[in-house]
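Visitor: Could you take me on a close look at one part of this protein, the largest pocket, and then show me what else is worth seeing around it?

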Amino acid sequence: MLKKASLFLLMISLYSFINAQSAEEGSPFNQYMSADAGVNLMSGTVALTKNLASISVGDVQASFSMNYSGNVTQAVNNRNDVAPTSWLGLGWAMGFARIICDHNGSMARIDDSYYLVTAEGNRYKIFEDSNKKWWIEGLPYWLIEPSIVENVVYGDNKYEIVVGWKITDDSGRKYFYGDFEDKSQLESGNVIKNASQYVLAWPKTFGLIGAYEGGEAYPFPSVWNLQKIEDLKGNYLHYSYQREDEFLKINSWTSHYSYTKECYLKSVESSDGGRVEFELGLKGEGDFKDEYLDKTGKVETVIEKSGDVELDELQK
């Protein structure tokens, strides 16, 4: 009799647990608790994705989405010139594929570190082996080839400069990064300024990269954005960017050439005439406290060519 009573109580408990679980899963509140519905269960912060558009032709395609994370405490507590918001606003992000370089403060390639960054934010190290063959860490079956211009002359000094990259994936699709400038464009400083981003370098002195006062500073490629994707049949997507360039000003000295302050995806066009375009605009004044103050504490509404080197209009 005791065993039957225990079994009966166990069945009641199990029935109650199943009903409670079903009721909890059916609760309207819980539709927001899944990873893709608005709340990150690990952190408790708001996290969501909003799909915007997609474009394709042949065997190449691209999709664009906005991602939001409510984990913005650090960005809110810092000044805009320390931690500016993204080009979509506080908490929002939409990336694009690019290859970036850490030059370690010099124009010499020997101490450079390269990384492939996907539109989703994944990062893969790019390296050269002892046989001068290039690899992408974690993607051993992808072929990567840098475009390097040799003997670029500035005064008495010569340099090797990476101007672009071509990657071929394991399906045969080709990805082109950067503007692929030629020797004359680099030596004159008249670079193309679309898919490449530039820092300022001092090639005629010590080949330094950074922010220094005086001398002749030239634009030096540091980031190569995705310019084109092409399949085996020649179908392609072409990427265009809107760049925000600024001249470096230190005390009374202003650089002759500008550096890339920010870069935004402007449009993607397919070989069959399809097009996705992004229209950028400034946020309204007064939306957030102190958003128009520059690093000196003064109200800033217009960025001049020789203004401060921190704050971009589209990010304020």
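Guide: Let's start with strand β3, residues 60–69, which gives seven residues to the lining of the largest pocket, the largest share of that lining. Please keep in mind that this is a predicted model. In total, 43 residues line the largest pocket, and G95, F96, A97, T118 and A119 are the ones that lie nearest its centre. The space in the largest pocket comes to about 1,200 Å³. As for chemistry, the lining of the largest pocket is made up of 26 nonpolar residues, eleven polar ones and six charged ones.

Now for the enclosed space. Rolling a probe the size of a water molecule over the atoms shows where empty space is left. Across the whole structure, the search turns up one cavity of 30 Å³ or more, and the volume of the largest cavity is about 40 Å³. Its lining consists of H103, R109, D112, Y114, E160, I161, V162, F220, P221 and W224. Two elements, β10 and β14 (218–230), each give two or more residues to the lining of the largest cavity. Sorted by type, the lining of the largest cavity holds six nonpolar residues, one polar and three charged.

Two names in that cavity lining, R109 and E160, deserve another stop. R109 and E160 form a salt bridge, with their closest N and O atoms 3.1 Å apart. R109 sits in the loop between β5 (98–102) and β6 (113–117), while E160 belongs to strand β10 (residues 157–168), so this pair ties together parts that lie 51 residues apart in sequence. R109 has a relative accessibility of 22% and therefore counts as partly exposed. E160 also falls in the partly exposed class, because its relative accessibility is 33%.

From here we can follow the salt bridges further, as the whole structure has twelve of them. One joins R173 to D169, where the closest N and O atoms are 3.2 Å apart. The cut-off for buried is under 20% relative accessible area. R173, at 16% relative accessibility, therefore counts as buried, and D169 is buried with a relative accessible area of 6%.

Another salt bridge brings together the side chains of R275 and E277, at 3.1 Å from N to O. Here R275 counts as partly exposed because its relative accessibility is 43%, and E277 is partly exposed with a relative accessible area of 46%. Going back to R173 and D169, salt bridges with shared partners link these two residues and D59 into one network.

Our last stop is a serine, S258, in strand β16 (residues 253–270). S258 has a relative accessibility of 5%, so this residue counts as buried. The side chain of S258 makes a polar contact of 3.2 Å with the side chain of K193. K193 also appears among the contacts of S258 once neighbours within four places in sequence are left aside; the others are L200, P219, D245, E246 and F247.

To retrace the walk: we began in the largest pocket, with its 43 lining residues, then visited the largest cavity, of about 40 Å³. From the cavity, the pair R109 and E160 led us to the salt bridges, and we finished at S258 in strand β16.

Methods. Residues are numbered from 1 along each chain as its sequence is written. This is a predicted model: local features need pLDDT of at least 70, side-chain atom pairs count only at pLDDT 80 or more; totals for chains, interfaces and linings use all residues. Side-chain values use heavy atoms; hydrogens and water are left out. On a 1 Å grid over the protein atoms alone, a cavity is a set of points where a 1.4 Å probe fits but cannot get out, and a pocket is an open set with protein on both sides within 12 Å along at least five of seven lines; lining residues have an atom within 4 Å of a point. Grid points are joined across faces, edges and corners, and a volume is the space filled by probe spheres set on the points. Helices (H or I, at least four residues) and strands (E, at least two) are DSSP runs, numbered from the N terminus. Ala, Val, Leu, Ile, Met, Phe, Trp, Tyr, Cys and Pro count as nonpolar, Asp, Glu, Lys and Arg as charged, and the others, Gly among them, as polar. A salt bridge is a side-chain nitrogen of Lys or Arg within 4 Å of a carboxyl oxygen of Asp or Glu. Buried means under 20% relative accessible area, exposed over 50%, partly exposed in between (1.4 Å probe, protein chains only). A polar contact is a pair of N or O atoms within 3.5 Å; within protein, one must be able to donate a hydrogen and the other to accept it, and residues adjacent in sequence count only if both atoms are side-chain atoms. Contact means heavy atoms within 4.5 Å.
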